[in-house]
Amino acid sequence: MQSLIGTGVALITPFKDDFTIDIEALRRIVNFSIDGGVEYLVVLGTTAENATLTEEEKELVIATVIEVNAGRLPLVLGVGGNNTSKIVEELRTRDLSAFVAVLSVSPYYNKPSQEGIYQHFKAVAEASPIPVILYNVPGRTSSNMLPSTVIRLANDFENVVAIKEAAGDLVQAMQLLKNKPKDFLVISGDDMIALPIVLAGGAGVISVIGQGFPKEFSEMIRLGLNRKVDDAFKLQYLLADSIDMIFEQGNPSGIKEVFRILGIAENVVRLPLVSVNESLAERLELFVKKMVKNS
C-alpha cells in the first residue's frame, strides 16, 4: 500500500489540567504533523493512552482527527486488544470508511502461543473490511510474534498488508524483510532503528518522536527510502538524544513534554502514567530549544 510508505505518527491524546480531552490541542497536533510533512496519521494507538479513554472519548478523538485532517492524509485506526471477540465485533460494526487500514496489536497479558496469535489475527483479518497492519510490541504485550507467524498470516490473508515491528530487534526485522511476500510492508515501530530498517528494505515507520519533530524525522525517512544514506544519518544523529529521552520515563509522558515546551499542548497524562520529572523536563527543554533555534 503506497499510502503506508514513509512516516506515520501515532498521535497522542492531549488532556487539560482536569484530565478532559483538549480538543483544540488535538487540532494543533494534527495540523503540526501534517504541516511538518508526515505521510499518514495513526489514531488511537498505544501512544494515545486509549487504555484509559472511555468509548465516548474515543469517538470524540476519532471524529476530531477526521474533521481536522479533512482528507489531507491517509488515516489508520488502532483496533486491538486481548479480547478477540470484542475486536471482531468492533471491526464488523464500526464505520471505517475514513481509514485506509486498521492497526491491531498482538494480544497482551494473555501471552498466547504462536498458534493463538495466528488464530487471533485470522479472526481479525476475516472480520476487517479494510487492510490490517499487525503490531508486534513484546515490551508491552509480553509475547513476541515470531517472523514465521507474521509470514504465515501475510501469505494466508490478502488484507494483512503490513506489520508494525516494535521488538527493537534489527535481526528479527531483517528476517521479516528477507522472507515476506513481495508487497507486504515491514514498518518500524521503534524510532531509534527506523532508519536502519528502512535501509534494509522497510517501508517506513509509525513514530512517536515524529509528531514532535515532524519535519526532521519524516525527511530522515524519505532520505533513507531514496538511499541518501549520509544525509539521512545526519538527521538520525541529530534526533537520537531526543528519542532516548522521550521514552526514558514512559510513553507518552516524554512526547507530551515536548509538546508542552513547543506550546502546543499541556503535559497531562492519566494514571497510572505520570509526567516526566524536573531533570528530564530540563534536558528536553534544552534539546527542543536547540532544534527550534536551528530550524
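This passage walks through two pockets, a pair of annotated residues and one helix packing in a predicted model.

The largest pocket comes first. Its volume comes to about 860 Å³, and 33 residues line it. Closest to the centre of this pocket sit Thr-46, Asn-50, Ala-51, Gly-80 and Tyr-108. As for secondary structure, helices α2 (55-69), α3 (84-93) and α5 (138-141) each put at least two residues into the lining, and so does strand β4 (101-105). Sorted by class, the lining of the largest pocket breaks down into 14 nonpolar, 11 polar and 8 charged residues.

Next up is the second largest pocket, with a volume of about 370 Å³. Here the lining counts 22 residues, and the ones nearest the centre are Val-137, Gly-189, Val-208, Phe-247 and Asn-251. Helices α5 and α11 each bring at least two residues to this lining. The top contributor is α11, which provides 3 residues. Helix α5 thus turns up in both places, with at least two residues in the lining of the largest pocket and at least two in that of the second largest. In terms of chemistry, the walls of the second largest pocket hold 10 nonpolar, 7 polar and 5 charged residues.

What does the record add to this picture? An unreviewed UniProt entry lists Thr-47 and Ile-206 under "binding site". These two span 160 residues in sequence, but their C-alpha atoms are not more than 10.8 Å apart, so the pair gathers at one spot. Both Thr-47 and Ile-206 belong to the lining of the second largest pocket. Thr-47 itself is found in the loop that runs between β2 (40-43) and α2, and α2 is also one of the elements that help line the largest pocket.

That leaves the helix pair. Helix α11 (residues 229-248), the one that gives the most to the lining of the second largest pocket, also packs against helix α10 (residues 214-225). The two axes are 9 Å apart and make an angle of about 140°, and the crossing is left-handed. On the α10 side, the contact is made by Glu-216, Phe-217, Glu-219, Met-220, Leu-223 and Gly-224. Facing them from α11 are Asp-231, Ala-232, Leu-235, Gln-236, Leu-239 and Ile-243. Taken by class, the residues of this contact are 7 nonpolar, 2 polar and 3 charged.

How values were computed: Residues numbered from 1 in each chain as written. Predicted model: local features only at pLDDT ≥ 70, side-chain atom pairs only at ≥ 80, totals over all residues. Heavy atoms only, no water. Axes fitted to C-alpha atoms, helices over the stretch in contact; angles between N-to-C directions. Helix = DSSP H or I, 4+ residues; strand = E, 2+ residues; numbered from the N terminus. Left-handed = near helix turned anticlockwise from the far one by under 90°. Contact = heavy atoms within 4.5 Å. Nonpolar A, V, L, I, M, F, W, Y, C, P; charged D, E, K, R; others polar. 1 Å grid on protein atoms, 1.4 Å probe; cavity = no way out; pocket = protein on both sides within 12 Å on 5 of 7 lines; lining within 4 Å. Points joined across faces, edges and corners; volume = space filled by probe spheres on them. UniProt positions renumbered as here; feature names shortened; annotations may be inferred.
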